[in-house]
Amino acid sequence: MMTKFEEIRIYAKKSGKCLCGKRRTRSEVLFQTVNPFNKNKDGSQKSRQQVREDVNQEYEAWKAKPIRCSDCPTEGEKP
């Protein structure tokens, strides 16, 4: 038997200049499901609203990261 849980998802998209100066666009799908295994610290099941808030926090963290292309060095590397 297969059980499907409700997904709360955000289609995120950002565009801007990469660290090297090139224009870039990035997109990502951020999601979590409302299920009995998705719990709060006290052990209670998260509500739809709590799951939505978690996904929004993930989105804000993703949006705050700078855009990097594959040509740019990663942190710690020298160009």
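Which residue takes a positive phi in the hairpin of β1 and β2? In this predicted model, the residue is Gly21, with a phi near 100°.

**View 1. Strands β1 and β2 form an antiparallel hairpin.** Strand β1 covers residues 6-17 and strand β2 covers residues 23-34. Twelve bridges join the two strands. Five residues lie between the strands, and Gly21 has its positive phi in this hairpin. Along the pairing, Ile8 stands opposite Gln32 of β2.

**View 2. Lys14 of strand β1 is a buried residue without a salt bridge.** The nearest side chain of opposite charge belongs to Glu28, 7.4 Å away. A salt bridge would need a side-chain nitrogen of Lys or Arg within 4 Å of a carboxyl oxygen of Asp or Glu. A polar atom of the Lys14 side chain does lie 2.8 Å from the backbone oxygen of Lys65. Leaving aside neighbours within four places in sequence, Lys14 is in contact with several residues, including Arg24, Thr25 and Arg26. Trp62, Lys63, Lys65, Pro66 and Ile67 are also in contact with Lys14.

**View 3. The largest nonpolar core has eight residues.** They are Ile8, Ile10, Ala12, Leu30, Val34, Val51, Val55 and Trp62. At least two residues of this core come from each of β1, β2 and α1 (48-64).

**View 4. Val51 is one of the residues of the largest nonpolar core.** Not counting residues up to four places away in sequence, Val51 touches Ile8 and Val34, both of which also belong to this core. Gln32, Thr33, Asn38 and Lys46 are touched by Val51 as well.

Note on methods: Residues numbered from 1 in each chain as written. Predicted model: local features only at pLDDT ≥ 70, side-chain atom pairs only at ≥ 80, totals over all residues. Heavy atoms only, no water. Pairing = 2+ DSSP bridges. Helix = DSSP H or I, 4+ residues; strand = E, 2+ residues; numbered from the N terminus. Buried < 20%, exposed > 50% of the residue type's maximum accessible area, 1.4 Å probe, protein only. Lys, Arg positive; Asp, Glu negative; His and termini not counted. Polar contact = N/O pair within 3.5 Å; in protein donor to acceptor, adjacent residues only side chain to side chain. Contact = heavy atoms within 4.5 Å. Core = buried A, V, L, I, M, F, W, Y, C linked by side-chain atoms within 4.5 Å.
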